[in-house]
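Me: Please take a close look at the buried interior of this structure and describe, in one connected account, how its parts fit together.

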Amino acid sequence: MTIDKVIVPLDVSSQADAIALIETLPQVTFWKVGLELFVSCGPQILKQLKQRNKRIFLDLKFHDIPNTVAGACRAAARYGVDLITIHATAGKVALKAAQSAAEMGANEAGVPVPKLIAISLLTSLNARELAFDLKIPLELPEYALQMALLGQECGLAGAVCSPQEVAQLRRTCGDDFLLVCPGVRPSWASKGDQKRSLTPSEALKAGANYLVIGRPITEANNPMTALKLISEELDAAEKIVK
């Protein structure tokens, strides 16, 4: 089902607001818990999602020294989440340590090992900012590819990338590498702060496994109608892909 390819962010500041959103959209099977909500209410929201048999994308974007990253991934894996993010720029030692630690934490808790996915480059950044603000000499698509390849080399399951890079990453990293695309915006929605965006159907056709779609759904006048429109668009795109 294409609806299972859509991850909806719980970008709210309280557990009550999160649960209200979850109950508003019972069809959603995969939810993203990011920094704001996790800092606000901690792992309790993860328990609420697990009780409802939802899949969880724990998007905390770990980025620290190897020992600290490993400890965080070991602890996060015990929650039984499905995906955990870590910045590729943490480096090879940290990425390998994180992968080993996640496996250890999951085994200790008797839960499936979560998939670690590398953040290649935040979708709010564009080529000019990469070059002039961050002083990265590579072209943006090449930089995103190198970060994804670093994650793959270190044993991570996949990468987060903008929809505009997904086709290149799919060709280079292969079919088994998981590609998660935030910044996906339907043609009828505002792009907001997303600078490297595609529509849901375009991202799916380019090779994305999962699409993170937030405000076009959660801030719509009728979230269920917005989700239905996106699902219909993805159903049509999937028939073309097949």
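The reply below considers the interior, the cysteines and two helix regions in turn.

Reply: The model is a predicted one, and the account begins with its nonpolar interior. The largest nonpolar core has 65 residues, and those that touch the most other members are L10, W31, V33, L46, L58, L211 and I217. Helix 7, spanning residues 140-153, supplies the largest share of this core, namely 6 residues. Apart from this assembly lies another core of 11 residues, including L83, V160, L178 and Y210.

Of the residues just named, L211 merits a separate description. Leaving aside residues up to four places away in sequence, L211 is in contact with K5, V6 and I7, with C181 and V184, with P200, A203 and L204, and with L234.

One of these partners, C181, leads to the cysteines. The structure contains 0 disulfides. C181 belongs to no disulfide, and the nearest cysteine sulfur, in C161, lies 4.1 Å away. A disulfide would require the two sulfur atoms to be within 2.5 Å. C181 has a relative accessible area of 0% and therefore counts as buried. For C154, the closest cysteine sulfur is that of C73, at 12 Å, so the two are too far apart for a bond. C154 also counts as buried, because its relative accessibility is 7%, which is under the 20% limit for that class.

The next part is a pair of packed helices. Helix 1, residues 15-24, and helix 3, residues 44-51, pack with their axes 10 Å apart and at an angle of about 20°. Angles under 35 degrees count as roughly parallel, and helix 1 and helix 3 are therefore roughly parallel to each other. The crossing of helix 1 past helix 3 is right-handed. On the side of helix 1, the contact is formed by Q15, A18, I19 and I22, while helix 3 contributes Q44, I45, Q48 and L49.

A final site is S231, which is located in helix 11, residues 223-241. The relative accessible area of S231 is 16%, so this serine is classed as buried. Beyond residues up to four places away in sequence, S231 touches T2 and I3.

How values were computed: Residues numbered from 1 in each chain as written. Predicted model: local features only at pLDDT ≥ 70, side-chain atom pairs only at ≥ 80, totals over all residues. Heavy atoms only, no water. Core = buried A, V, L, I, M, F, W, Y, C linked by side-chain atoms within 4.5 Å. Buried < 20%, exposed > 50% of the residue type's maximum accessible area, 1.4 Å probe, protein only. Helix = DSSP H or I, 4+ residues; strand = E, 2+ residues; numbered from the N terminus. Contact = heavy atoms within 4.5 Å. Axes fitted to C-alpha atoms, helices over the stretch in contact; angles between N-to-C directions. Parallel < 35°, antiparallel > 145°, perpendicular 65-115°, else oblique. Left-handed = near helix turned anticlockwise from the far one by under 90°.
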